[in-house]
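Hello,

Here is the structure I promised to pass on. Please open it next to this message, and my notes follow below.

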Amino acid sequence: MINKILTCAFCVLIFTAANAQGQRTIKINSEDSHDDIIEKAALVVPTANQYAYKKLEFTCFVHFGVNTFTRKEWGDGFEDPKIFNLQNLDTDQWCRTAKEAGMKLVMFTAKHHDGFVLWQSRYTKHGVMSSPFKDGKGDVLKELAASCQKYGLKLGVYLSPADLYQIENKEGLYGNLSEYTERVIPRPIEGRPFANKTSFKFKVDDYNEYVLNQLFELLTEYGPIHEVWFDGAHPKRKGDQQYNYLAWKKLIQTLAPEAVIFGKEDVRWCGNESGATRESEWDVVTFDEDPHQMNLFPDMHGDLGSREKLFDAKYLHYLPAETDTSIREGWFYRDETDQKVRSADDVFDIYERSVGGNATFLLNIPPNREGKFSDEDVSVLKEVGKRIRETYGNDLLKNAKGESAILDANEDSYVLGENGKDTFIITLPKTITLNRFVLQEAIQTHGQRIEKHALDAWVNDKWEHVAEGTTIGYKKILRFADVTANKLRVRILKSRSKFSLSKVSAHYYTPRPPQLSINRNLNGQVTIAPKKSDFGWKLHGEGFQKDLSNDLEIRYTTDGTVPNKNSKIFTNSFFLKSGGVKAIAFEKEQTGSLSEREFGLVKKNWTVKGTTDNKNKPENAIDADEKTYWNSGNGVPELTIDLKETKSIRGFIYTPPLNFKEGLIEKGIIKVSKNGESWKTVQTFDLGNLINDPTARTIQFTKKVKGQYIRIEAIIGAGGSTSATIAEIDILE
Ligand code: FUL
């Protein structure tokens with residue numbers, strides 16, 4: 001059917017999903033020309049599961065476990081299960097909040113790298129069964145599964161392949177060099193029969209059997225599972241342990257036929273943990289071998305789907321992106337005071353860039369030690385949900401005239417058109433003001449084909465260029481400054497084969513007062529200004545500021561209270577010895593989101609000592625400029641700071657450089673001295689692997705210490721690095 005359509009010179013036809021063609025993986029043959037390869041790429045389509053997954057759009061990650069109680073990012077497997085002293089658990093509150101935010105699935109860390117399991121597994125005692133939580137009878141996943149059902153959310157499970165408990169304990173199964181023999185999954189356990197009588201035989205070793213048994217429990221005893229998440233990160237490995245992913249996959253596909261598998265051949269990591277999406281996010285990517293036979297899936301970076309990339313491929317494969325990041329600094333909950341929470345502006349911006357950039361957005365909300373999402377996180381999520389509904393729940397093209405297949409609500413209707421030739425004019429009964437435009441391809445039948453597109457508006461009796469983009473795929477959100485018109489034109493400028501378009505819609509986002517950024521220079525002078533973001537209102541030559549009226553006011557406090565309309569107005573920079581600043585922009589009736597920043601002591605007179613790589617000197621760590629950094633080079637990875645007077649210190653802030661990945665401190669030790677000669681260890685600290693999310697981290701000491709000299713020693717560097725790197729150190733009084 002598709003071939004027939006491709007042969008017509010010019011056609012705009014309407015089809016339904018019944019015409020579905022194409023395959024998820026297509027082999028490239030050595031005799032294929034570049035044109036053949038492009039035609040093949042146009043035929044790569046998602047599976048039904050992948051398409052259902054794309055439609056989820058916004059999903060909720062939940063990192064919860066022993067780290068919630070130890071305040072660490074990565075546990076080490078030595079945690080005593082007794083620390084999981086969960087007194088209250090409110091999974092209904094998690095799901096209610098996720099639902100209000102517009103999320104459609106909850107992905108739960110059933111087992112993180114530390115190996116502690118949050119369900120009643122038959123195959124280990126290292127988990128909730130040995131904790132005080134409901135006297136060892138609690139099952140967090142069971143409660144969550146029930147709440148998901150109640151709120152109509154899908155459920156996903158994160159099962160970390162890395163398992164520190166199984167590495168570190170004497171009887172641990174990870175890397176124990178056991179023999180590969182035929183094993184029956186699930187292994188029967190007396191007194192704990194399974195209701196599901198399916199069984200499997202696999203030739204595997206002890207650790208793979210452990211993973212398979214646990215997957216069996218997760219996929220048969222908690223209702224339908226829609227995504228299984230395999231993390232590629234490994235704090236530690238042992239005994240050259242291999243993963244028999246092909247066996248895991250067989251079991252998953254049998255027991256959870258609706259699930260997609262993350263980190264393997266169904267869904268890929270977007271490549272960062274800070275919420276970024278590529279400008280051209282291709283779902284059709286390349287492999288050198290058949291992805292269906294692969295056991296190991298390396299992370300994918302850079303350009304994944306341009307024409308040039310395809311020409312070198314052996315296989316073309318449908319593999320959509322998932323953009324994951326956390327609402328808080330770090331994946332696990334630490335505290336209410338120092339662990340910062342992203343603002344609604346920030347989350348909404350990431351939502352528009354990821355969901356509107358052809359990726360699924362997986363936002364982590366780590367529950368606190370009360371077993372709830374914290375109030376601040378909840379209010380951000382509610383606000384984001386409100387903005388999504390207000391903006392995207394109202395299609396301004398409702399009464400428009402034009403190609404009905406792209407204006408109607410039927411997701412299975414679409415038009416097929418020809419590059420550059422077919423344009424779509426949409427006429428409205430009266431003018432509308434818009435600043436967002438959404439386009440969707442019929443990926444379920446025609447895959448992702450569009451490479452370049454543009455939007456014009458009829459203004460002052462001529463077509464004015466409004467916005468343009470590259471790929472579309474499942475969804476593209478174009479963002480631009482306000483345009484008022486009663487006629488719009490969509491142009492598809494380049495595509496692979498005939499393009500398909502299934503839906504366009506126009507929206508208006510009510511601009512909010514800007515998010516603020518608070519900075520302080522070396523002399524302690526604080527400035528507050530609208531935060532610069534990469535979202536520019538470029539197209540009509542207006543700056544971000546100009547979108548706001550002159551009524552904008554920035555108000556701030558330094559006493560910990562949230563600024564209101566009576567708080568001090570920021571006009572000129574002011575001196576701050578140390579402490580926190582909170583600021584909000586107000587504009588007419590609108591209140592912007594809260595920005596806050598904690599500042600340590602003024603660093604003007606400090607001196608510093610440390611070895612260097614000869615380029616990035618120690619002074620860079622205390623120059624109040626996060627763009628410069630210190631690196632210890634081949635010397636001792638430690639930095640000594642002289643504060644020039646004795647201070648009572650309650651903690652410090654470590655800021656890593658944004659774009660230099662060597663020497664990020666994963667674990668360190670902090671010492672203090674009164675005279676610079678005799679040193680006292682204050683404590684060791686754990687920052688986890690900061691490579692994917694190099695944001696500032698605050699360490700609070702268990703009690704205040706006095707001293708004039710501070711020494712920071714790196715014990716473990718992220719990614720095995722042996723040097724130490726610091727962009728800024730702040731000492732908290
Ligand atoms: C990373 C892990 O190391 C983090 O702890 C977190 O789970 C994140 C989602 O993936 O690779």
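Strands E17 (residues 450–459) and E18 (residues 462–469) run antiparallel and are joined by 7 bridges. One pair to look up is His-453, whose bridge partner in E18 is Gly-469. The hairpin of E17 and E18 has 2 residues between the strands. Asn-460 takes a positive phi there, near 50°. Please keep in mind that this is a predicted model.

Next, the ligand. Which residues are around the ligand? They are Phe-61, His-63, Trp-74, His-112, His-113, Tyr-158, Asp-231, Ala-233, Glu-273, Asp-324 and Trp-331. By class, that shell has 5 nonpolar, 3 polar and 3 charged residues.

Three side chains are worth a look for their polar atoms:

- His-112: an N or O atom of its side chain is 2.9 Å from an oxygen atom of the ligand.
- His-113: a polar side-chain atom lies 2.9 Å from a ligand oxygen atom.
- Asp-231: a side-chain N or O atom is 2.8 Å from an oxygen atom of the ligand.

How much of the ligand does the protein bury? Taken alone, the ligand exposes 290 Å², and the protein buries 94% of that.

Now the sheets. One open sheet has 8 strands, with parallel pairing. Its order is E9-E8-E5-E4-E3-E14-E13-E10. Strand E9 (260–262) and strand E10 (268–269) stand at the edges. Each has a single partner strand, so one side of each is left without a neighbour in the sheet.

Within this sheet, strand E4 (residues 105–111) pairs with strand E5 (residues 154–159). The pairing is parallel and runs over 6 bridges. Leu-105 has Lys-154 as its bridge partner in E5. Helix H8 (residues 206–220) packs on the sheet. H8 touches E4, E5 and strand E8 (227–229). The direction of H8 makes about 165° with that of E5.

There is also an open sheet of 3 strands. Its order is E2-E12-E11, and the pairing is antiparallel. Which strands are at the edges? They are strand E2 (25–27) and strand E11 (284–287), each of which pairs on one side only. From one strand to the next, the twist averages 25°.

E2 and strand E12 (residues 315–318) run antiparallel, with 3 bridges joining them. Ile-26 has Leu-316 as its bridge partner in E12. Helix H2 (residues 34–41) packs on this sheet and touches E2, E11 and E12. The direction of H2 makes about 20° with that of E12.

Two backbone details remain, and they sit in loops. Is the peptide bond from Ile-185 to Pro-186 cis or trans? The bond is cis, with omega near 0°. Pro-186 is found in the loop between strand E6 (181–185) and strand E7 (200–204).

The other detail is Lys-134. This residue is not a glycine, yet Lys-134 has a positive phi of about 50°. Lys-134 lies in the loop between E4 and helix H6 (140–151).

If you have time for one view, start at the ligand. Find His-112, His-113 and Asp-231, which are among the residues around the ligand. Then go to the sheet of 8 strands and follow its order from E9 to E10.

Best wishes

Note on methods: Residues numbered from 1 in each chain as written. Predicted model: local features only at pLDDT ≥ 70, side-chain atom pairs only at ≥ 80, totals over all residues. Heavy atoms only, no water. Near = heavy atom within 4 Å. Polar contact = N/O pair within 3.5 Å; in protein donor to acceptor, adjacent residues only side chain to side chain. Areas by Shrake-Rupley, 256 points an atom, 1.4 Å probe, with all protein chains shown as cover. Nonpolar A, V, L, I, M, F, W, Y, C, P; charged D, E, K, R; others polar. Pairing = 2+ DSSP bridges. Helix = DSSP H or I, 4+ residues; strand = E, 2+ residues; numbered from the N terminus. Contact = heavy atoms within 4.5 Å. Axes fitted to C-alpha atoms, helices over the stretch in contact; angles between N-to-C directions.
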